[in-house]
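User: I would like a close look at one helix pair in this model and at the packing around it. Please keep it brisk and connected.

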Amino acid sequence: MPSWLGKSNQNANDLFTTSQAGGNTVRQDSTTFARVELAAHTADPYKFVNDFFKANEDTIGVKSRNIADSDTDFNTIEDSLSGFSESAKTIIKGLTALGHLHPFIGIAVGAFALVVTLDLTRRDNDRKVVAVKVQMQDLMRVFFELRHIPSSDEEGPNGLTIGARLEGLMQEIAKDIKGCGSACDAYLKKGFLAKTVKASIYETRLSDFGMLFVEHRKALEMALAVHTSLAVDSANQKLDNQDGRLRIIEEKLDMIMLFRKLDTPREKDMQKFIEKHGGAKACITNDELLEVLVTKSGESLSRLPGRESGRRSNDLPDIKKRLLKELQEDIDEVFDKNMVLFERKLDIQSKQFADVVQEESDHIISTLLSGAHDRIRDPDLQKIWKDMGWKGSVKARHFVLALHDYYTDKMSSVGTPTTAHISGLPSPQTPGRNSMTTVQKKRQDDRWALTYINAAYVQPILEAVDDDGTGFVSVKEVNTFVAERPGNWSLPHWIAYWAVGWQASMSRYKDKIYELVQTMFQTLEHVLPSNRRAADEYLFHSSFWRIELLLRSTRSVSSKILSDPELTKMTESYEKDEEERLDANLQDVAYELDTPATVSLMTGVGRIERYVFPLIYLLLRRHLKVMRIACKHVLDTEEFVSLNESLVSILLAVDYRVQNLEAIFKQTHLDVQARLGNFAFGIFQLSYGDIRRVPADNSFASWTNPEVDSGVGSKNGITQEEINRLAIGIPHEILKYGIRDGYSVTDYHEFEHLGLALDSTSVEGTWTGHHHRQFGDESILSVLRVSIRLTSADKIYGKGEDFADSDPNRPFTLMRIPPTLLRYRYTPDQFAEDPVRSRWSFACSAALHQAQEVLWSRRFFEARFAERKRYVALTTRALIVQMGLTPQAPLTPVEKGELEYLRRELNPSEARFYQALAEFEIQKLPWHPAWGCDWCERQITKCRILCIQCISEDLSDNIDLCASCVDKAPAKRTFTHEINHAVVKVEQTLHDYDIVRIVDAARTTFERVRALFRSLDSALQVHRPDDGSSHKDEHRSNLLCACCGKDVLPPCWVCVVCTKDTFVCADCDSKRLPSQIPAHTLTHALVRIRDTTLNGESPADDRYLALEHRLLAMELRVSEGFAAMESKVDERLAALEASVEDRLLSFETKLESRLSTLEVVLRQIAAQTAALPAVYGQVVRDYAKSTSVR
Ligand SMILES: [Zn+2]
Ligand SMILES: [Zn+2]
Ligand SMILES: [Zn+2]
Ligand SMILES: [Zn+2]
């Protein structure tokens, strides 16, 4: 039986007074009452259990329809799931009481209570997990059948007690409950994507547990039925539902079908998509499908809210890597690993149960039902409560003010020991036991504290008592506040601590955390290259800037506030005790905080703001140790990732708290942001609302310890010697994954020794052949080897390379041949052509190889070494392309063939070793976590070029280029980059810690050096009337390249870090020559001076001028053209006009002359026709008319 069950009678109710995150106000008073009730009944547990059962029959006794039954309708399922946490609480209470009647069930009940309680604080409860737990709970319901049996010792007719009958089953149930709890815990911790791609595997496991509980339930029902039916005469108990229990239940159980019903629309959508596209693996290996999948899941790599600066680079390669790993992970191993942590958590949880029980047990009896004030344990507070006539809760402000008045009053009334004696007031502390002198002494001791119970400190005192931030203080809160006081402290001391001491303590932790972070960044410089990327990602992780927000947000107090020696002493001792307590708890879980629930398990009851700084401090202190080990040894790449996860859990707990506070503040119509500024010294103010990374505001680097004289600058960094000294003595056990110094490439040994006869009929020995496998789009042919040994007549041992992933449709042939010699082996074609010759040539080459190997021939080893070098170089380049890193140098077809050849020919042990070396090369690449190239959009590795002109004010976004794209000019987001912009080159992750300094330094360096080159040039122009490149050297001898020692001309690079201007010529930079100046290293950030002409204008100006010239020229040409055109047009128009005029004129004159001729003719005709007869006259007139018309 677990200790907590045996310790006291009251624990069942206490389980749920440990509300973790705060913000829950209804929990307390009713439980106090229930506790009393329970205490009163423990005299007769049998009666109590039955009473309890009757009272809660709705919850416990309900014959739940099995939710996994395929006939169960959806609403019933829905009800069971949503009511789970409430019904579980009741059931645990009942079971605990039942445990007093039948102690043998303790082990199972204890497991159930712990597993369920541990998860009740979880926010993101998965419905499938709840469904499994409902099955677990259904099993526990059956336990209540035991209520009919008054005693465990009662024997059945077969002489077996019920305890003895069920003992084995109880142990099994307990084991399975824990196993299930751990499996659910591990499952819940997986991200949505990971859960989805392995859905069927996880669901099978969860469903197995569900079915297991059904099995146990049936077994238990059966055992009970057997026992009670045998004992029915002697026990004389009414077994009303026996028939129902005895009936063999034929349920059509299908957990998987239930899970389908519980799928969310998003899950359904994802599953459909994966099915449609050929399964999880196909979707992960295909970039396009994966991208759709990630978008559908709405998941990013970070669990933490808060916007990252600008854009995030493409997360896809990382997600892909992770998911592939996830897919390959052995689920049993995952569960086993998780079990270790899970059991530790259960231990702490049960320890907390015990603590609460012990603390409260003394007070139960005295707090029987009476007025509200009677439930308050502290006599002083009780008196205040009573005098003020308060009910269940009181406005926090009134409470503090009343407290103030009460103690002020009391202080004046006990001005001297004598008056205290005379006044005869009842002593607030432990009355009756102490003599008057100790009372007097205590009074004196309290005096200093009373000065802090003062209107000036209302806010901090109020926050300390009003745990949930509602603005009201309840009886429960008062009792909790008093109970948390260290044993030898008086209440005024305790209040004084919260008035002033706590803030001082917070400030101290704030300083310590800043100091730790600065030390971390200094240590980072010494971290081994192979660990550097992991360490960079750790420090770059969003948890760090979120921590920075907390620190920056918190108002420090001046150290003067703690001028009171008494208060200082007490504060420091309390701080020390709390730190030790937290540290001990953290050690229990090996400093691994996997979820926010684990965080509250560490801290115990109470507001996170009380613990957040000490907790972060303790974690970072540990992490610094890991980082120091990373300076000496190669660590697993996952090591730092798990460190971040712990920080994330703390910050999520902070987020939950902020959300709670927000809800409370909103109820009272307050400006939440302003209210948070005033709450707990502003700690949460910056963590509320739209939070995002703002590198320009990051205070990690700019912070200086106010306690330390600035003269003692620890900012100068840490020397290698110091690191070495510090790293010694850090136990490697603090690492989760251990040291990875050696390449754990192969532990393969062949069974090829003297004992094994090479009998051609035996299968024993090593078999080697070629093996083909598909990796993404690439097909890889490698050497496969299997080693077989017959140990006895009916057993064969085999060992071989891992080829689990291989396509079963690809056959392979194995031959009896040592793997090193396979390369010399003839192909089937060659053999068919000339069997004798192929055999002979193979024999010669193989013999030569073996002879050289045996003789340690130098040529032999040189050849092997060259092969290795080539293999690593080619594989590294191939991996860079495959992983989308930069700068890329894709393999040529010839090189591809060469790599193919090496893969095919190398001994598998060698090949795997070389492959590991190549992967190690990738691991060592300088890494820039959040940035992709703005031109080619690949992940930037090695060097990152950032423009300091195209950069946002808050330094959160800028134009980035990879080494291959330096001279590209992308226009992205709001920036339009030009190749002449001042750019900085960094070869290491540029942390927010450094960015302000680097960018500022780069700007000033750029301006200064450009001016320098200008002035040099103008000086030169005076001395150089005509071309004379030989003159140059004389005049520029003061600007030398730090690497080659020659004169520097733009384009060149200037160091931003070194105090003295340090130049690197473009040539040396591209060759990456080491610096001759000791202070300067290749990792220093450089700024580029690109000016090519030194005529006083920068090329940008030139370009502008040229453009202007061109524009002017063009304008000129255009206007000239226009003018010419205009004049031409004018001319032609004039000519046209003239000719038209001419023509018109001639036309006019012609017309006129003709008209006048016509007129004359007409007149003549008219004269002639007048003499003719009328008829003729008419004809002639007509004729004349027609001719005139013509
Ligand atoms: Zn690029
Ligand atoms: Zn730019
Ligand atoms: Zn040089
Ligand atoms: Zn430098």
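Analyst: A helix axis here is a line fitted to C-alpha atoms over the stretch in contact, and angles run from 0 to 180 degrees between N-to-C directions. The model is predicted.

Take helix H8, residues 106-120, and helix H9, residues 127-142. Their axes come within 12 Å. They cross at roughly 150 degrees. Angles over 145 degrees count as roughly antiparallel. H8 and H9 are therefore roughly antiparallel to each other. The crossing of H8 past H9 is left-handed.

Which residues make the contact? From H8 come Ala108, Val109, Phe112, Val115 and Asp119. H9 supplies Lys133, Met136, Gln137 and Met140. Sorted by class, the contact of H8 with H9 has six nonpolar residues, one polar and two charged.

Now step to Phe143. Set aside its neighbours within four places in sequence. Phe143 is then in contact with Ala108 and Val109, both of which also belong to the H8 side of the helix contact. The other partners of Phe143 are Leu95, Leu98, Ile105, Met170, Ile173 and Leu220.

Phe143 also leads into the largest nonpolar core, which has 182 residues. Phe143, Phe399, Tyr538, Leu620, Phe640 and Phe684 touch the most other members of that core. Helix H26, residues 491-524, gives the largest share, 18 residues. A second core is separate and holds 46 residues, including Cys933, Val986, Cys1041 and Val1064.

How does the pair sit in the whole chain? The secondary structure comes to 44 helices and 16 strands. Of the chain's 1190 residues, 48% count as buried. Consider contacts between residues at least 6 apart in sequence: 74% of them join residues at least 24 apart.

Two loop residues deserve a note on backbone geometry. Lys942 is not a glycine, yet has a positive phi of about 60 degrees. Lys942 lies in the loop between strand S8 (939-941) and strand S9 (944-951). Its relative accessibility is 37%, so Lys942 counts as partly exposed. Arg973 is not a glycine either, and has a positive phi of about 45 degrees. The loop holding Arg973 runs between strand S11 (971-972) and strand S12 (975-976). Arg973 counts as partly exposed because its relative accessibility is 37%.

Methods
Residues numbered from 1 in each chain as written. Chains lettered and ligands numbered in written order. Predicted model: local features only at pLDDT ≥ 70, side-chain atom pairs only at ≥ 80, totals over all residues. Heavy atoms only, no water. Helix = DSSP H or I, 4+ residues; strand = E, 2+ residues; numbered from the N terminus. Parallel < 35°, antiparallel > 145°, perpendicular 65-115°, else oblique. Left-handed = near helix turned anticlockwise from the far one by under 90°. Contact = heavy atoms within 4.5 Å. Nonpolar A, V, L, I, M, F, W, Y, C, P; charged D, E, K, R; others polar. Core = buried A, V, L, I, M, F, W, Y, C linked by side-chain atoms within 4.5 Å. Buried < 20%, exposed > 50% of the residue type's maximum accessible area, 1.4 Å probe, protein only.
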